[in-house]
Amino acid sequence: MRTQVAIIGAGPAGLLLSHILDRNGIDSIVLERQTRAHVLERIRAGVLEAGTIALLREVGLGERMDREGRLHDGSAIAWEDRPRFMIDTRKYTGKPMMAYGQTAITEDLFAARDAAGGKIIDEAADVQPHELTSGRPYVTYEKRGTRVRIDCDYVAGCDGYHGVSRTVIPADLLKTYEKSYPFGWLGIMSQTPPYPDICYCHHSRGFALASQRSPMLSRYYVQCDLHDKIENWPDDRFWEEFLARCPKDMADSIVTGPSIEKSIAPLRSFVAEPMRYGALFLAGDAAHIVPPTGAKGLNLAVSDVFYLSRALIEACRKGNTAYLDVYSDTALRRVWGAARMSWWLTMLLHRFPDDTPFERKMRLNEFDYLHASERAAASLAEQYVGLPY
Ligand code: FAS
Ligand code: PHB
């Protein structure tokens, strides 16, 4: 087979890239290792930055999001024994955030690609990029025992943290930066009316987060031990712990109910440089992972795709590779900004097992400073809503 852009991975990055390229007359084929059902079963992100909202609307993916998503003027931070703080994105930037699940976005993307006759090959095993610096790149994969070759002009590595793309960049060229956090997030989904705000809770018992997916679908998290097991968290224990970490007025208004999904995710900061090797361009989790505290993971995948789609359209339609040549540096500038903000907010809001009393005082004073300084509050708000692309 032949295509202009071979895309590895049918997550948000790969599907959105394929969708935008198609709208600009550029042909692509998406290769996904899992079944479509498996991709859609994943419960992931839930909060969209202003840039993501705008881009999805611009490329014709705003209709269901605007109908079912819920706009927020920011998110709250509830700190034990302190007044509630609002990360007020509307006040300081004039922009909203949107609660709309990654699962719904992925459904919308699959629907759009299907409607446009997009080529998405699922259960594509052993996908391998080849000849990335030869000028004649191609990708191979296996399906039903047959090895298939796709000749292409470019390869987009949108295959997430555990994908193959990053591994083909020579070790002497690839630089990686990583930090693991000494705890995880236990998340549940419940068919209950959600708490009205997205609210991060800092408590001596640990971090908690109230979020939402729809008027009858709530998403809640508690910080848990790094090696904790779901079996240790029956619903009763989850709700007892979650409510204990919220201020009383918030806890009294939470509607609890049976979990319909429960999972534990480790927290990690990871950035790989460069995000290009010859004809291969990385986008999304294939190049970077941020702790979910700042709600940046999915939104970074979208901004990478904004830069990469613009670059590929310019190259494929006009033969101008100027944007491709600066893609890695451009994307990484925004990636590092989001990585720093997500690290900072993670360090602020969680309880660390080896915390000293001094470090707890530093954390408390950092939070008090947010309350005391309009400039500090504005700085957090502009980063939380997402810096301009
Ligand atoms: P994805 O990982 O979504 O997609 C990559 C795709 O490539 C997958 O479908 C995979 O099956 C496929 N693939 C992998 N290897 C392949 C190969 N060799 N060949 C072919 N296909 C291959 N972000 C937030 O903002 N908020 C959150 O609350 C949040 N929670 C998360 C919870 C978990 C458990 C995880 C893992 C991530 C979470 N994230 C969150 C981050 C998440 O939303 C990612 O940022 C987002 O999925 C990135 O999208 P992609 O880059 O498309 O990667
Ligand atoms: C979510 O709704 O899943 C969510 C919201 C905010 C975050 C992380 C996750 O920071």
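**Small sheet**

I began with the three-stranded open sheet, which has the order β3-β7-β4 and antiparallel pairing. I noted its edge strands as β3 (47-48) and β4 (70-72), each pairing on one side only. This is a predicted model, so I treat every entry here as a reading of a prediction.

Next I looked at how β3 is held to its neighbour. Two bridges join β3 to β7 (residues 97-99), and the two strands run antiparallel. For leucine 48, I found the bridge partner in β7 to be methionine 98.

**Eight-stranded sheet**

I then traced an open sheet of eight strands. Its order is β6-β5-β14-β15-β16-β13-β17-β20, and the pairing is mixed. At the edges I have β6 (85-88) and β20 (288-289), each of which pairs on one side only.

Inside this sheet I picked out β13 (residues 175-190), which pairs with β16 in the antiparallel sense over eight bridges. I followed one of the residue pairs: tryptophan 185 has glutamine 223 of β16 as its bridge partner.

**β1 and β2**

Here I wanted the direction of pairing: parallel or antiparallel for β1 and β2? I found that β1 (residues 5-8) and β2 pair in the parallel sense, over four bridges. Valine 5 stands opposite serine 28 in β2.

I also checked the two faces of β2 (residues 28-31), and both are covered. Ser28 and Val30 lie on one side, Ile29 and Leu31 on the other, and all of these are buried.

**Ligand 1**

I moved on to the ligands. Around ligand 1 I have 29 residues, and the closest are Glu32, Arg42, Arg44, Gln102 and Asp285. By type, the shell divides into 14 nonpolar, eight polar and seven charged residues. Two helices, α1 (12-23) and α9 (297-318), each supply at least two residues of that shell.

Which backbone atoms sit by an oxygen atom of ligand 1? I listed three residues:

- Proline 12 has a backbone N or O atom 3.3 Å from an oxygen atom of ligand 1.
- For alanine 13, a backbone N or O atom lies 3.0 Å from an oxygen atom of the ligand.
- Glycine 297 places a backbone N or O atom 3.2 Å from an oxygen atom of ligand 1.

Then I looked at cover. Taken alone, ligand 1 exposes 1,000 Å², and the protein buries 85% of that.

**Ligand 2**

For ligand 2 I have 13 residues in the shell, of which Tyr200, Ser211, Arg213, Tyr221 and Pro292 come nearest. I sorted this shell into seven nonpolar, three polar and three charged residues. Two strands, β15 (208-214) and β16, each supply at least two of its residues, and β15 gives the largest share, three residues. I had already met both strands in the order of the eight-stranded sheet.

My polar contacts for ligand 2 are these:

- Tyrosine 200 has a side-chain N or O atom 2.7 Å from an oxygen atom of ligand 2.
- Serine 211 brings a polar side-chain atom to 2.6 Å from an oxygen atom of the ligand.
- Proline 292 takes part through its backbone, with an N or O atom 2.7 Å from an oxygen atom of ligand 2.

What share of ligand 2 does the protein cover? On its own ligand 2 has 280 Å² of accessible area, and 97% of that is covered.

**Helix α3 and glycine 60**

I listed the buried residues of helix α3 (residues 50-58): Ala50, Thr52, Ile53, Leu55 and Leu56. As a reminder to myself, an α-helix has 3.6 residues a turn, so residues three or four places apart point the same way. After α3 comes glycine 60, and I noted that its phi is positive, near 80°.

**Arginine 113**

I found arginine 113 in helix α6 (residues 102-115). Buried or exposed? Its relative accessibility is 3%, so arginine 113 counts as buried. Leaving out residues up to four places away in sequence, I have arginine 113 touching Leu15, Ser18, His19, Asp22, Gly118 and Ile120.

**Proline 234**

My last stop was the loop between β16 (217-225) and α7 (235-244), where proline 234 is found. Proline 234 counts as partly exposed because its relative accessibility is 45%. I also checked its distance to proline 258: the two are 24 residues apart in sequence and 9.7 Å apart in space, C-alpha to C-alpha.

Notes:
Residues are numbered from 1 along each chain as its sequence is written. Chains are lettered from A and ligands numbered from 1 in the order in which they are written. This is a predicted model: local features need pLDDT of at least 70, side-chain atom pairs count only at pLDDT 80 or more; totals for chains, interfaces and linings use all residues. Side-chain values use heavy atoms; hydrogens and water are left out. Buried means under 20% relative accessible area, exposed over 50%, partly exposed in between (1.4 Å probe, protein chains only). A residue is near a molecule or strand if one of its heavy atoms lies within 4 Å of it. A polar contact is a pair of N or O atoms within 3.5 Å; within protein, one must be able to donate a hydrogen and the other to accept it, and residues adjacent in sequence count only if both atoms are side-chain atoms. Accessible areas come from the Shrake-Rupley method with a 1.4 Å probe; for residues, only the protein chains shown count as cover. Ala, Val, Leu, Ile, Met, Phe, Trp, Tyr, Cys and Pro count as nonpolar, Asp, Glu, Lys and Arg as charged, and the others, Gly among them, as polar. Two strands pair if DSSP finds at least two bridges between them. Contact means heavy atoms within 4.5 Å.
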